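New to this one? Have a look at the sequence and the fold first, and then we'll walk through a few spots together.

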Amino acid sequence: VWCLIAELAVAVGLHYLSYLKAYLNKVLDFICSRYFTIVKMVLFIAAFLVIYMAFFSFDYAHPDENMSKAAVEYYMEHWAPADIQSKEAADSFSTYGYSRLSEVTVYYFLAGKVAWAAKNILGLNKYYRAFNVLLFIAMVFVFCKKGKRNPWLYLMIGLTPQVWYIFSYTTSDAWDYFLSFIILYQLTGEESIFNRVLNEKTGKKAVARLLMIGAVFGLLLLGKKNYYFIFVSSFFFLLYKLLAEKQENRVQTIIKYGIVVAVCVSIFGGAKYADTLRYDGKQGEIAQQQREIYVESAMESNIDSVSHANRSGIAMKSQGIPLNQVLLQHGFLKYSYQSYMGKYGWMEYESPGWYYVSIGVIYGLILLLLIWTMLHNGPMPKKMIFCLLMALNLAIIAASVWKSWTGDFQPQGRYLFAMNFNIAICAYLYGNLLSHKKILKFAICFTGGLIAYSFIMGGIIFLT
């Protein structure tokens, strides 16, 4: 009798398993057939959430926004760069003694002009955040127009809610990330300006387009140093494309690459030289004097001192604190991971623990799928560039670790955002194979829901 019951239970179980399998296949088929529509909906929701956070979150609820706001407001009224010794630059200094207006990036100038229009024409209260919102909407627009042919652009926008967050308040990280997104599209989009130029003869139109691409690289080079990894990734990828070219076309391709590099270096060098001329070559001394003034002011105001002697979170290597203690006891690994996957405000608001575990497991499985696909498909040069980009991701993490150990302890996920660029290129390399994997599309759609949940429940409800 017991054997009969067991056999019946097994039969019923197998029947329901087959039913469940058939049902899951139907779900996967449904998602795959409407994949592009679903991810567009995720990004439309993201755009709405970014707009809501930007224009309804509290003043000074976000990291260092008061200094960034001061720099933006300066350019609302001025066209020329500020003198950091002037009273007009005072509010742009942090307690570390660094001014946003001393940066050579064009972000604050552009944000200031958009902020002027947002305040004086549209009447927005949070006008200083308008530029970043526009940048995010522009990225969503590009994906909606080009995403069917280049679906891996989504990984630059929809991989983590922390990306959405930096476009929700005033920070130059958003500008650097936007430029990285444009570069990714130019490198991987078959119909992009850059790839069209590579396939045509060098003429006036081609040179003009190359000047535009070089300008984008040059503007990124003026940005934050953690985005310099984008240049290394681009070099590897362009080298791979060059080697894949027919031998008779390589000289022309090298010339075109050279024009882009020349423009990029010229913009960077010109901006740096102009900055040097403004201070008669003494900008280093002047910046140091201003740092000392504002650090001393911070100490007198009983604000947390930024001196090496009084902050245990600075130069921990010099203090003899071992690396494993920085990683584990001080929580570098934990806080970097959380702030990459979604941590809001001044890092005091976070999502529930199950969210970080769930999304970590899913992304771990996606990474294994990428590696598995690479190992079993494609020629050796493609595998090599894939491995180089993945190794570069480890270098990005190592650089963030080194900075927190030897300099200021800042386990921030935004320092790791260049990894998104590399992951997107790796997916692009095997895009023809990955685009047919139903489970991958399901995972990407599912994580879209997860990160929207994190942005709302971990960020918006506390900051608005």
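## The nonpolar cores

Let's start on the inside. The largest nonpolar core has 127 residues, and the members that touch the most others are Phe-136, Leu-155, Trp-164, Phe-167, Tyr-177 and Phe-194. Apart from this core lies another one, made of eight residues, including Ile-321, Leu-327, Val-401 and Trp-405. Keep in mind that what you are looking at is a predicted model.

Nonpolar side chains tend to be buried together in soluble globular proteins. Take Leu-155 as a case to zoom in on. Once you set aside neighbours within four places in sequence, Leu-155 is in contact with Asn-420, Ile-423, Ala-424, Ala-427 and Ile-444.

## Thr-188 and its company

Now move to helix 8, which covers residues 173-188 and includes Thr-188. Is Thr-188 buried or exposed? Its relative accessibility is 3%, so Thr-188 counts as buried, the cut-off being under 20%.

Who sits around Thr-188? Leaving out residues within four places in sequence, its contacts are Asn-150, Asn-195, Phe-237, Ile-425 and Tyr-428. With Asn-150 there is also a polar contact between the two side chains, at 2.8 Å. Leu-153 is another residue to find on screen: 35 residues separate it from Thr-188 in sequence, while their C-alpha atoms are 8.8 Å apart in space.

## Helix 15 and what comes after

Helix 15 runs over residues 332-341, and Gln-338 is part of it. The buried residues of this helix are Phe-332, Ser-336, Gln-338, Ser-339, Tyr-340 and Met-341. Gln-338 makes that list because its relative accessible area is 8%. Not counting residues up to four places away in sequence, Gln-338 touches Lys-343, Glu-350 and Tyr-356.

Right after the helix comes Gly-342, with a positive phi near 135°. Farther along the chain, strand 1 (343-344) and strand 2 (349-350) are linked by a loop that holds Met-347.

## Two unusual backbone angles

Most residues other than glycine have a negative phi. Met-347 goes the other way: its phi is positive, near 70°. Met-347 has a relative accessible area of 27%, so it is partly exposed.

Where does Asp-64 sit? Look in the loop between helix 2 (35-56) and helix 3 (65-77). Asp-64 isn't a glycine, yet its phi is positive, about 55°. Asp-64 counts as partly exposed because its relative accessibility is 27%.

## Out on the surface

Time to look at the outside. Which residues form a nonpolar patch on the surface? They are Leu-8, Val-12, Tyr-16, Tyr-19, Tyr-23 and Leu-24, and together they have about 690 Å² of accessible area. Tyr-23 belongs to helix 1, which spans residues 2-33. At 48% relative accessibility, Tyr-23 is partly exposed, since the label exposed is kept for values over 50%.

Lys-225 does pass that mark: its relative accessible area is 67%, so Lys-225 is exposed. You'll find Lys-225 in the loop between helix 10 (204-221) and helix 11 (229-244). Tyr-415 is 190 residues away from Lys-225 along the chain, and their C-alpha atoms are separated by 9.3 Å.

Methods:
Residues are numbered from 1 along each chain as its sequence is written. This is a predicted model: local features need pLDDT of at least 70, side-chain atom pairs count only at pLDDT 80 or more; totals for chains, interfaces and linings use all residues. Side-chain values use heavy atoms; hydrogens and water are left out. Helices (H or I, at least four residues) and strands (E, at least two) are DSSP runs, numbered from the N terminus. Buried means under 20% relative accessible area, exposed over 50%, partly exposed in between (1.4 Å probe, protein chains only). Contact means heavy atoms within 4.5 Å. A polar contact is a pair of N or O atoms within 3.5 Å; within protein, one must be able to donate a hydrogen and the other to accept it, and residues adjacent in sequence count only if both atoms are side-chain atoms. Patches are made of residues with over 30% relative accessible area and no salt bridge: like charges are joined within 9 Å, nonpolar side chains (Val, Leu, Ile, Met, Phe, Trp, Tyr) within 5 Å. Accessible areas come from the Shrake-Rupley method with a 1.4 Å probe; for residues, only the protein chains shown count as cover. A salt bridge is a side-chain nitrogen of Lys or Arg within 4 Å of a carboxyl oxygen of Asp or Glu. A nonpolar core is a set of buried Ala, Val, Leu, Ile, Met, Phe, Trp, Tyr and Cys residues joined through side-chain atoms within 4.5 Å.
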